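User: I am new to this and would like a close look at one part of the fold. Please pick a strand, then follow its neighbours outward. Short sentences, please.

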Amino acid sequence: MRLDHNIDVGLFREQGFVILPDILDDDELATLCDACDALLSEPPDDDNGGKGHNIGRGHSRRFFRHRHMDFDGLRDFVLGAEMKHLVSNFLPDGVILFNEQFVVKAANTGASFGWHQDGGYIPFDHDPYVTVWIALDDTTVENGAVFLLPRSPDDTATPVKHWWNEDGKEYVGYDGPDPGIPAEVSAGSIVIFSSLTLHRSSPNVTDRQRRGYVVQYAGAPIIDPSSGEVRGMATSL
Ligand SMILES: O=C(O)CCC(=O)C(=O)O
């Protein structure tokens, strides 16, 4: 990882996201792509065996969740010192791996993903965390770029109310007119955003699939207060 990158934490606090172009080195990108391609040989499993949110849409929008322990290189990347160094800029009091998933949109028929805050998927109060969204392919508006609504994560402590959209198979937290800012980035770039940042992604209408990798880190384990159970993962870096 190119750690000499200028990490503008002030901008993150102002608008809820920062873009780090071409921050992965070639080996890291190859490790992530190889793991994703190996997973793509599996049949679609929309709700990850009952453990996911049932937001998969067959081949058109696939999620491969919690698979970093299946690939040594992927595990080392997700839990490694360089990632810790990067994420510590945003979570200075500790870095815990909370969730990770590949998100693949098929060629031609790749489904969009509706406006949401990642924290909107958690049905209880929790501290905001950060999402590291990694482009495994060059990403454009046409093939499924992530769009973000600039807003300071310090303006609000909790996610807005989300509602379930049965057609889209997703929670939605915004249906207003603002199209957001598209993060059109090259493969190996990272978009870091807050769990309070509203984002969506466009459909893939190109003839090539679009692969992304979402890794989420929290400052401390996220605990469900009603059961005392850890939500997602709680692996310390
Ligand atoms: O990769 C995408 O298309 C968006 C993924 C996303 O928004 C998420 O996993 O929260």
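Analyst: Start with strand 3 and strand 13. The two pair in the antiparallel sense over two bridges. Strand 3 covers residues 96-105, and strand 13 covers residues 235-236. Look at Leu 97: its bridge partner in strand 13 is Thr 235. Bear in mind that this is a predicted model.

Strand 3 has further partners. Strand 2, residues 61-65, pairs with strand 3 in the antiparallel sense, over five bridges. Find Phe 64 there: Phe 102 of strand 3 stands opposite Phe 64. Strand 12 also pairs with strand 3, again in the antiparallel sense, and here there are nine bridges. Val 103 shows one of these links, since its bridge partner in strand 12 is Gly 212.

How covered is strand 3? Mostly: ten of its ten residues are buried.

Now stay with Val 103 and Gly 212. Both belong to the residues around the ligand. The others there are Phe 113, Asp 118, Gly 144, Val 146, His 199, Ser 201 and Val 214. Two elements give two or more residues to this shell: strand 11 (199-201) and strand 12 (210-218). By character, the shell divides into four nonpolar residues, four polar ones and one charged one.

The shell also leads to a second group of strands. An open sheet of four strands runs in the order 4-11-6-9, with antiparallel pairing. Strand 4 (113-116) and strand 9 (181-183) are the edges; each has a single partner strand, so one side of each lacks a neighbour in the sheet. Neighbouring strands of the sheet are turned by 25° against each other on average, with direction ignored. Strand 6 (residues 146-148) and strand 9 run antiparallel and are joined by three bridges. One to find is Phe 147, whose bridge partner in strand 9 is Pro 182.

Next, the helices. Helix 3 spans 72-79. Its buried residues are Leu 74, Phe 77 and Val 78. They cover an arc of only 95° around the axis, which puts them on the same side of helix 3. What covers them? Strand 3 and strand 12 are included, along with helix 2 (26-39) and helix 4.

Helix 4, residues 81-88, has a similar story to tell. Met 83, Leu 86 and Val 87 are buried in helix 4. Their arc around the axis is only 90°, which puts them on the same side of helix 4. A general rule helps with such patterns. An α-helix has 3.6 residues a turn, so residues three or four places apart point the same way. The buried residues of helix 4 pack against helix 3, strand 5 (130-135) and strand 12.

Helix 2 holds Glu 28. Is Glu 28 buried or exposed? Buried, because 21 other C-beta atoms lie within 10 Å, and the cut-off for buried is 20 or more. Leaving out residues up to four places away in sequence, Glu 28 touches Met 1 and Phe 77. Phe 77 is one of the buried residues of helix 3. Compare Glu 28 with Gly 144 from the ligand shell. The two are 116 residues apart along the chain, and their C-alpha atoms are separated by 22 Å.

Go back to strand 2 for a moment. The loop between strand 2 and helix 3 contains His 66. Phi of His 66 is near 55°, which is a positive value in a residue other than glycine. His 66 counts as partly exposed, because it has 15 C-beta neighbours inside 10 Å. Lys 169 also has phi near 55°, a positive value in a residue other than glycine. Lys 169 sits in the loop between strand 7 (163-165) and strand 8 (170-172). With 18 other C-beta atoms within 10 Å, Lys 169 is partly exposed.

One last strand to compare. Strand 1 (residues 17-20) points Phe 17 and Ile 19 one way, and Val 18 and Leu 20 the other way. This fits a rule: in a regular strand the side chains alternate between the two faces of the sheet. All four of these residues are buried. Strand 1 pairs with strand 10 (residues 190-194) in the antiparallel sense, over four bridges. Phe 193 in strand 10 stands opposite Phe 17.

Definitions and conventions: Residues are numbered from 1 along each chain as its sequence is written. This is a predicted model: local features need pLDDT of at least 70, side-chain atom pairs count only at pLDDT 80 or more; totals for chains, interfaces and linings use all residues. A residue is near a molecule or strand if its C-beta atom, placed from the backbone, lies within 6 Å of it. Ala, Val, Leu, Ile, Met, Phe, Trp, Tyr, Cys and Pro count as nonpolar, Asp, Glu, Lys and Arg as charged, and the others, Gly among them, as polar. A residue is buried if 20 or more other C-beta atoms lie within 10 Å of its own, exposed if 12 or fewer, and partly exposed in between; C-beta atoms are placed from the backbone. Two strands pair if DSSP finds at least two bridges between them. The arc is that of the directions from the helix axis to the C-beta atoms. Two residues are in contact if their C-beta atoms, placed from the backbone, lie within 7 Å. Axes are lines fitted to C-alpha atoms, for helices over the stretch in contact, and angles run from 0 to 180 degrees between N-to-C directions.
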